[in-house]
Amino acid sequence: MTTTVQHPASGPSSPEPDERTGPPPAGTRRRAARFLARHRRVRLGLTLGAPLTWLLVIYVGALVALLMTSLFSLADDPTGLLTRLNTSLTLENYARLWNTAVYREVAQRTVVAAITVTVVDALLALPIAFYMAKVASPWGKRALVVAVTMPLWAGYLVKGYAWRAILDPGGGVLKEVFGSTPGFGSTSAIIVLCYLWFPYMVIPLFAGLERLPDSLLEASTDLGAKAGRTFWSVVMPQLLPALAAGSIFTFSLTLGDFYMNRIVGGTNEYIGNIVYRNFSADLPFSAAYAMVPVVIMVIYLLAIRRTGALEEL
Amino acid sequence: MRRQMWAALVLSAVLAVVTAGPAGASATATGKNEGKVSILAWPGYAENGSTAGYDWVTPFEKQTGCKASVKTFNTSDEAFQLFHTGQYDVVSASGDSALRSIVNGDTAPIDLKRVTNYADLAKFMKKQAWNSYKGKVYGVPHGWGANLLMWNKNAVTPAPTSWSVVFDKNSPYSGKITAPDNPIYIADAALYLSKTQPGLGIKNPYALDQKQFKAAVALLKQQKANIGEYWDSATKEQEAFTKASSVVGATWQYQANLVQQDTSAPPVETAIPQEGATAWSDNWFIQSNAKHPNCAYEWINWITSPQVQSQVAEYFGEAPANLKACTLTSDGGTHLGTPRAPGADATTSQCATYHAQDPAFYKQLSYWVTPTTKCLDGRTNVKCVAYKDWLSAWDEIKAS
């Protein structure tokens, strides 16, 4: 995709709004305008300064703070009651993570859950997105987009507790109507996470399929390809970037989720649950564990970049 | 060069945030009320009417002119961390966070002359390991109670008399057992083991050497297979019992009261099982850098007054510290329907139910304290497991 950048001062549509909207410009204003027109860098700085500062301080700053904190450690107070923050840098938190079986298991469990949610959502979203983009009438298409995105209007907790009422083994909807429920546990957590992040998979796939010209499908059929062959050889290659975009959402959102375990997960725990439990008593360790999903996401994004999917987004 | 400068800037900002602590000044200013007070409390201790019929914060505001903002917390770790921020003037802390806050310099010594009800508070609650330190008083007693066993009377028969109903591998209630999501719960397992496996030699459930600690952790890992859900807040347990997704487990009387008030909920009962129980003894502490120390004292005087003590004790389900409250509590807790406290019937008063005036009963319970490497039971030949390791053991239990 290419975009043309217009030079605001020299472009054909650079009116002098002051002459139309108000009294003749004051001298200082005119001087400021002239100054800005001549100094590109200042202009750029004024435009991008605020958002860039925001990005650096809030976004990168938070990550750097997280990284730094994860390199601190706690030392026992002489009383043995308290621990004091030791700000000399050490890798001991990471060593503890690596050497403790339970932290490795929980990280693994979280990644498996994120992959499961991504795969399930992709499988469910593909036919729906295909129907929305290629089959449904224009009216039906609009209705389906609204229907798919509607759950996003409700809050996370509202949806979580609604699902709790559905899954409750002590007399929830499933138990009362169908006589059986997965109860509170890892299965339920994954079901609800699949539901929660589903729109984030459907919408990119729908957009990707919309861009796919119908003529390609027709050509494929004309050349004798069956539905399966058309799907794998024509649709999929075009759809990969959209799938990658959707999977980034479902994967990362699941990787960072912990509260759904507290609502419907029973005794199930992900990385976030352990971070949450430890942050008040052992902040450096929590920070180190919180770096794990960050690192996994970086690896995931690099892997996707290698497929070339990011360039086509 | 520029990159180094950035790194230095970010680093120093991080350091400033993480190392900033209170200077340790003491809040003893006297004079006019500041018009505001910020209260950190266990759920149920500072009710402002959000539960209809229970409001002792609004009358406090009217009488003293101190506008109260109340923040509740769910665990002692949370209380310790929040109180350390210095944003709160007073906290209702249990023994397992109180001593940490005192040693950390977060609390100011109490000026007893300003605590008007101090003389009326139960003597056996004063000057304990969790409200005084090196001879100075830091905490004003609020109330106390045991961590009880609660069960759903429809689902659990016969009525359990032992903690084995939640710890036994073959418990018939597997999958519907609940337990607090709190590292200090390891002490409950240790207390059970002290009676069921005397060979381990556990004298104090908060003073565990490596071997004893491992046994308690192993018991909890075994228990985890039978747990349906852990509860990390009172409301979560209340809901689980109301919907009967949990039918038996450790509780405070507070949740039992809430479930009993709910007519749609199944009937529940609580008791102290034969092995005894862990317990809490809560005190009010003032922040060493309190911004509103005068209103903080006003609050402590209010919350420890007989009238308010009787209201809190009845609502929460605990023994009040102020024994004058005993003459005020309505018989049998008529406020709440029938009392379901241990051994209660409709004619016993709240104070009798909770043994509020009985020092011998008070002393037999095992109150939450912070475990330290120095064994709290006086043993000097072994090192005990400190709280930090209780915390990581809890990760191991919960995520196993």
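**Close-up views of a predicted two-chain model**

**View 1. Helices H8(B) and H9(B) cross in a right-handed way.** Here a crossing counts as right-handed if the near helix is turned clockwise from the far one by less than a right angle, and left-handed if anticlockwise. Helices (H or I, at least four residues) and strands (E, at least two) are DSSP runs, numbered from the N terminus. This is a predicted model, in which local features need pLDDT of at least 70 and side-chain atom pairs count only at pLDDT 80 or more, while totals for chains, interfaces and linings use all residues. Residues are numbered from 1 along each chain as its sequence is written, with chains lettered from A and ligands numbered from 1 in the order in which they are written. The axes of H8 (residues 234-242) and H9 (residues 253-261) of chain B come within 9 Å and cross at roughly 45°; axes are lines fitted to C-alpha atoms, for helices over the stretch in contact, and angles run from 0 to 180 degrees between N-to-C directions. That makes H8(B) oblique to H9(B) (under 35 degrees is roughly parallel, over 145 roughly antiparallel, 65 to 115 roughly perpendicular, and the rest oblique). Among the residues that meet are B:Phe241 of H8(B) and B:Leu258 of H9(B), where contact means C-beta atoms, placed from the backbone, within 7 Å. Sorted by class, this contact has 5 nonpolar, 3 polar and 1 charged residues; Ala, Val, Leu, Ile, Met, Phe, Trp, Tyr, Cys and Pro count as nonpolar, Asp, Glu, Lys and Arg as charged, and the others, Gly among them, as polar.

**View 2. Over in chain A, H9(A) passes H11(A) in a right-handed crossing.** The axes of H9 (residues 186-211) and H11 (residues 227-256) of chain A come within 8 Å and cross at roughly 160°. That makes H9(A) roughly antiparallel to H11(A). On the H9(A) side, look for A:Trp197, A:Tyr200 and A:Met201, among others; H11(A) brings residues including A:Phe249 and A:Leu253. The contact holds 15 nonpolar and 5 polar residues, with no charged ones.

**View 3. Chain B meets chain A through 35 of its residues, against 30 from chain A.** On chain B's side, at least two residues each come from helix H1 (2-19), helix H3 (76-84), helix H4 (95-103), strand E10 (227-231) and helix H14 (387-399). That side splits into 14 nonpolar, 9 polar and 12 charged residues. The model scores ipTM 0.76 and pTM 0.80.

**View 4. Chain B comes in two domains, 1 (27-145 + 280-360) and 2 (148-276 + 370-399).** These bounds come from an automatic or database domain assignment. The domain centres, taken over C-alpha atoms, are 25 Å apart. Their contact takes 17 residues from domain 1 and 19 from domain 2. H4(B) gives the most to domain 1's side, with 3 residues.

**View 5. Two backbone details turn up in loops of chain B.** Most residues other than glycine have a negative phi, and most peptide bonds are trans. The bond from B:Thr157 to B:Pro158, though, is cis, with omega near -5°. B:Pro158 sits in the loop between strand E8 (148-152) and helix H5 (164-167). B:Lys127 isn't a glycine, yet has a positive phi of about 50°; its loop runs between strand E4 (107-108) and strand E5 (132-133).

**View 6. Chain B averages a pLDDT of 86, and 87% of its residues score at least 70.** pLDDT is the predictor's confidence in each residue, from 0 to 100. Over residues 11-29 of chain B the pLDDT is below 50, and this stretch has 33 contacts in the model beyond near neighbours in sequence. Where pLDDT is low, the predicted coordinates should not be read in detail.

Key
Contact = placed C-beta atoms within 7 Å.
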